[in-house]
Structure formats: C-alpha cells, structure tokens
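This report goes through one molecular structure part by part. Please look at the sequence and the 3D view before reading on.

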Amino acid sequence: MPSRYLLHFAQAHDDFRLPELQSVAELYGITYSLPPREEDRDPTRPFMVIDLEDEEHARLLARRCILIKAVYEFYGQGSTYDELHEANRKSEPLWTRYVEDTSFRFLVTSSQHKIPQSRQRDVIESFAYMGFLGKIEMKNPDILLICFEEYEDRKGTTRAKYEGDGSFRQVFFGRLLEEGSARQLIGKFDVKKRVYYGNTSMESEISLLMANQTLASPGKLLYDPFMGTGSMAYPTTHFGALVFGSDIDGRQMRGKQKTPGVIRAATQYGTASRVIDLATFDVTHNPWRCGELFDAIVTDPPCKYGVRAGAKRLGRKKELTDHQKELCLQHSLSPRPQKTPLTLRYRDDQPYIPPTKPYELSHLAADLVLLARYLLKPGGRLVFFLPTVTEEYEDVDIYAMLCEGMDVIANSLQDFGSWGRRLVTIKKTTAEQHPPPSFKPPQVEDDQEVHVPAHKDFREKYFQGFKPKLEEEEP
Amino acid sequence: MVRLLTHNILACHAKDCNTNNFPLEFKDVQLEIREAEFNPEFLKGFLPKLEWKALVDTAIQLGDTSLPLEQPEMLDDEFLKNLHHVLLEIHVEEGSMTCPNCKHVYPISNGIPNMLLAEHEIG
Ligand SMILES: C[S@@+](CC[C@H](N)C(=O)[O-])C[C@H]1O[C@@H](n2cnc3c(N)ncnc32)[C@H](O)[C@@H]1O
Ligand SMILES: [Zn+2]
C-alpha cells in the first residue's frame, strides 16, 4: 500500500526538479507517483505530495535530491483550514500512535509571508482535537508537526507586513521525516572554496544536479570529454562513481603545480582515487580502443570547439553569430595546446590557437550524441549542457541532433533571461553496437548559415558515412 | 595516474594506424602504488571489456606477476584482489607509451598522458 509524502522543495531551478526526482528514484529503484492534477505538480510551487511504497524511500530522496529541503509524512491539505482539518481527521490512523506519549513541536509557517504570532497560536489551537498528550518540546522534540501556508508568489510587489495574511493558496500539514541533507553539498562543492578552479568551472549546485542526472553511484564508470578544471568529477566521485576525464588542453586539468589541479581538488574532497585518469586529447581524434565503456558521459561542452582539421578541411572559417559570440563570452573559451616545431607533436602545456574551423554548436551536440551512443553501455546516460539563446531555441533543436537509439529523457532550462542553457539528459536505449562517429564537419557549399534542413543532411551524411563505399567517394 | 585499466582501453589513433596499434608499450616508467577502494562488482562488470593478454603482459613488464595467463572461469576473492591491484593501484606517473605499429610516442608527465596528434597524423 503506497502512502503519501509531502516534499518541500527549494524554489530554485524549477525545471530540474522533476528530472532530478525521476533520476534519484531510478537510481534507488523507487516507484513513485506524482499528483494527478497538473497544478499540483507545478515545479514553481514549494510543495508537492507524492505516493511512495516505503518511508525509507522518502528518506533516500531527502538524502540525495539537491532540490529537496525536507520530506514529511503527509496528513492533509486544503484551501482553507476547515478542509485541512477534515483531511487530517481522516489521517488519524497515521498520527494516533503519537497521541499518548510523544514529545512534539508544532510549527506554523509559510512561504514569502510572515504569519502574525497571534494567528500562529490560533492555528495551533485549532488542532486541539488531535489530543496530543506528550510534552511540548522546542529543542529536541520526538516529532515535529508542521503546518505550511503557501502564498502566491508576490515577487516585486510591496505590501504592508501582514497584508493578505490568511489568504493563502493552500495549506499543508505533516510530520517531519527528514531534512534534505544533499543541499549541504552545495556549500561543500562551492567553487570558491576549491583548491583548484578556473573560469570554466561550473557552479556547485548545477554540477550536483548534473551528477544526479548521471545516476552516479559506486561501481559506475563516468566520462567527461571536456574535463577542463573537473567540475563534473567532484560531485560524481563524491557519490561513489569512478570518473575519467580528457581535454584538448592539458593545462586546464593540470594547473601550475606538479600534482594536477583536478587531482588536488579531488583530494580536498577525499575522492582522488576515484578519478581514474586524465588524458590530453581532442575528443574528435580520440584513442578509445572500443565502445560501451561508460555508464554515463557528463560534460559541459565548449560553445565552440576546435576540430583540428586535416588540410582538406581547412578553409573558410565560419563566423559565429552575435548570439553565439555572446554565449562564448559567457562560456569563456580556454586556450589551446601548442605544437612544438621540433617534435611536430602537440605539447599539452603551452598556449596554442589551432588551425580550426569553429564547429557549430548543433554539430558539436550531434557529434556528442553519436560519440555517446558508441561509448555508453546500453541504458547509459549522456548528460550535457547546451547553451541556447532563449527566443531562438529552435535553432539548437534537441530533436534534430538525436540519432537512432538515443532518446531525450530530460531537458531542463536554466533561464538567465536573454539567454539560457539546457541541461539535456539522453538515454541510450539501444543494445546494438554502433560505430564511432567520423567527426566530419558537414560539407557546406557556400557561406550561408546552416539551418535546420542542413542539420538533417548532416545527419544523413553521418549515417551514410558509415558505409565504406560512400566513404571512398569523398575527395 | 595512467592506471592499467586506462592503458587497456586506449589504442594508437594516428592516421591509418588501425592494426597492431594496441597495446601501447610503456617505456622509462616511474611507478607509484596508491590504494584504491575494492569494488568486486565493478571489476566483474569490467572484465569483459579487458584485453586479457595485454593486461597480463603489461603487468608483468611493470613487475607484477599476480595475474594468471588465462582469464579464470572462477572469480574468487584472491583473483579479484589481484586484478583490483593491477587495474587500479599501479600508477605510471612518468614515461611514455609507444605504438607497436607506427611507433608514435605518447609522453606521460605528472600522470597525464598526452594523446594529442600532430597535424600530419590526423586522418
Ligand atoms: C566549458 S569548458 C568545460 C569546463 C569544465 N566543466 C570545468 O569544470 O572547467 C570546455 C572545455 O572543452 C575543452 N575543449 C575544447 N575543444 C575540445 C576538443 N575538441 N576536444 C576536447 N576538449 C576540448 C576546452 O579546453 C575546455 O576546457
Ligand atoms: Zn600507431
């Protein structure tokens, strides 16, 4: 028999809430059901009531979901206190065991509003019918009962202190099971407190949300092909996974000291032995011996990345649009490796601007999906950010970059107003083995913008490119 | 860093170097042994991905003779512990890896192998 639990969420990163819940539930094999009515699932609201098989499952969610502030055993809700009490009376079998001899504390609180003390007292008294006989304990009560009034978001409006008091949207009531302990990790992984970071480092909360999308846990092997200063590695290894990182620019991973910066930072978090290895290479010319190696690929790709093109592919550089340039500013690009003339080999510790053609974001994404299909085990996940200009969302249409056997399971917008980025989670749904991608840029006939139909051609070419006959025909 | 697990899944990727390009041969190595968490489930899951002969030969070359020449049918604890040590606890910190086929040299410094190719080596 499933029971109902009240989840209190942080009101941040709304679009990540349900994907995170889904991921953490999948990780622990938890079955849950969301409220049937859409407005009760609205991720901008602070509370949601879900069905779970087991109280322990609610606790697991509270320990792993970054966006969960607390979980409660749910006793009732209503748009008025009368409705709430009616529901709470029906829940009596759930709370009757606390009547006799349990110390308790009773809290009446709300979001975005302050409830006057006098009314808090009135509310508490209105629960007198529960007949709790135990001691009231403010410090360490056996149980905490909480009554939470949800007010409409009044952002940007000014009002008198208690204005609108009592005209809440909904009131919820339950018993605290567990505070969400994963939220503390946001402080633990704060970039500024890290011994090694750079201007490409990903903020802590987002990197934790990404880690949850990968289902990171002991025994899993993850890969970040754009490792940089290693932001994805710290939360994922914290959750027990092993991580492999590579980057075209060794300096990003090394920093200035002998022990690589990524290893120093992982040491700070006690997870250095879970960073399996770091290697310098261009992901479009990678040395992987075989596919199906990883449980997840998690990465923040550069908004433009170098294909160190062979001679035949040198040639006209394609200018970025203003929007893309803006995105590149946000995602400031890192310098590249140097070619040392004597050995004709690239050193990985010197600045170098490669003779490259900027690779369009959509192509990068399509390549990444193909690479992931090759490198992931069946059922594995690709989790990555796609910078996107909000109004031009179609331009980096996620569905245009998919290939057979790779399905989008989550797509969360982090909105910065004029621009945003999408955290995309793609699952490898095929058990078939697929070849590695060729990483050939699309053949563009003129300087015109490549638009959606061209993307489609591009993908066609990839598929055809896998057939040797067609490959030979290329100049 | 450069653990034998990594060594076992990297091959030379220079242009037209497609056969006999694995395993890369370690040269002038400096080793370090560092403890890692033992996870038998991970090891069992990774076993099918390994090129066994390459792993055993490389371990022997680096002075570890604990692995059997044939991959055993029975994965007992002793075997898994030895496998764990070889795959995850031996770190090549300095030295290089040479392709048996095209002789490309991939240098390793401070534990990080440089697998970048020069312009003419890219296909
Ligand atoms: C947005 S940053 C990733 C930042 C990283 N998450 C961190 O914590 O610092 C993108 C990285 O991709 C690397 N990069 C660019 N082009 C590449 C390529 N072709 N192959 C591999 N890495 C590349 C850059 O050197 C840069 O470190
Ligand atoms: Zn070679």
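## Chain A as a whole

Chain A contains 15 helices and 18 strands. The model is a predicted one. Chain A has 475 residues, and 56% of these count as buried.

Contacts in chain A can also be sorted by how far apart the partners are in sequence. Of those between residues at least 6 apart, 75% link residues at least 24 apart.

## Two helices that pack in chain A

Helix α1 of chain A covers residues 14–28, and helix α3 of chain A covers residues 55–64. The two pack at an angle of about 120°, and their axes are 10 Å apart. An angle from 65 to 115 degrees would count as roughly perpendicular, and one over 145 as roughly antiparallel. α1(A) and α3(A) are therefore oblique to each other. The crossing of α1(A) past α3(A) is right-handed.

Which residues of α1(A) meet α3(A)? They are A:E20, A:L21, A:V24, A:A25, A:L27 and A:Y28. Their partners in α3(A) are A:L60, A:L61 and A:R64. A general point about helices helps in reading such a list. An α-helix has 3.6 residues a turn, so residues three or four places apart point the same way.

## A covered helix in chain A

Helix α8 of chain A, residues 204–213, is mostly covered, with 10 of its 10 residues buried. Among them are the charged-letter entry A:E205 and also A:S204, A:I206, A:L208 and A:M210. A:L215 follows α8(A) and has a positive phi, near 65°.

## A buried residue in helix α13

Helix α13 of chain A runs over residues 361–375 and includes A:D367. Is A:D367 buried or exposed? Its relative accessibility is 0%, so A:D367 counts as buried. The cut-off for buried is under 20%.

A:D367 can also be compared in position with A:M401. These two residues are 34 apart along the chain, and their C-alpha atoms are separated by 8.2 Å.

## The zinc site in chain B

The zinc ion (ligand 2) has four protein donors, the SG atoms of B:C12, B:C17, B:C99 and B:C102. These atoms lie 2.2 to 2.3 Å from the zinc ion. What arrangement do the four donor atoms make? The angles they subtend are 102 to 116°, which makes the arrangement around the zinc ion tetrahedral. For four tetrahedral donors, the ideal angle at a metal is 109.5 degrees.

Along the chain, the donors follow the spacing C-x4-C-x81-C-x2-C. B:C12 is in the loop between α1 (4–9) and β1 (25–33) of chain B, while B:C99 is in the loop between β2 (90–98) and β3 (105–109), so this pair ties together parts 87 residues apart in sequence. Both B:C12 and B:C99 are buried.

## Backbone details in chain B

The loop between α1 and β1 of chain B also holds B:P23. The peptide bond that joins B:F22 and B:P23 is cis, with omega about -5°. B:N20 is found in the loop between α1 and β1 as well. The phi of B:N20 is positive, near 55°, and the residue is not glycine.

Another asparagine, B:N110, lies in the loop between β3 and β4 (112–113) of chain B. B:N110 is not a glycine either, yet its phi is positive, about 50°.

Definitions and conventions
Residues numbered from 1 in each chain as written. Chains lettered and ligands numbered in written order. Predicted model: local features only at pLDDT ≥ 70, side-chain atom pairs only at ≥ 80, totals over all residues. Heavy atoms only, no water. Donors = N, O, S within 2.8 Å, 3.2 Å for Na, K, Ca; no water. Tetrahedral: all angles 85-135°; square planar, octahedral: opposite > 155°, others 65-115°. Helix = DSSP H or I, 4+ residues; strand = E, 2+ residues; numbered from the N terminus. Buried < 20%, exposed > 50% of the residue type's maximum accessible area, 1.4 Å probe, protein only. Axes fitted to C-alpha atoms, helices over the stretch in contact; angles between N-to-C directions. Parallel < 35°, antiparallel > 145°, perpendicular 65-115°, else oblique. Left-handed = near helix turned anticlockwise from the far one by under 90°. Contact = heavy atoms within 4.5 Å.
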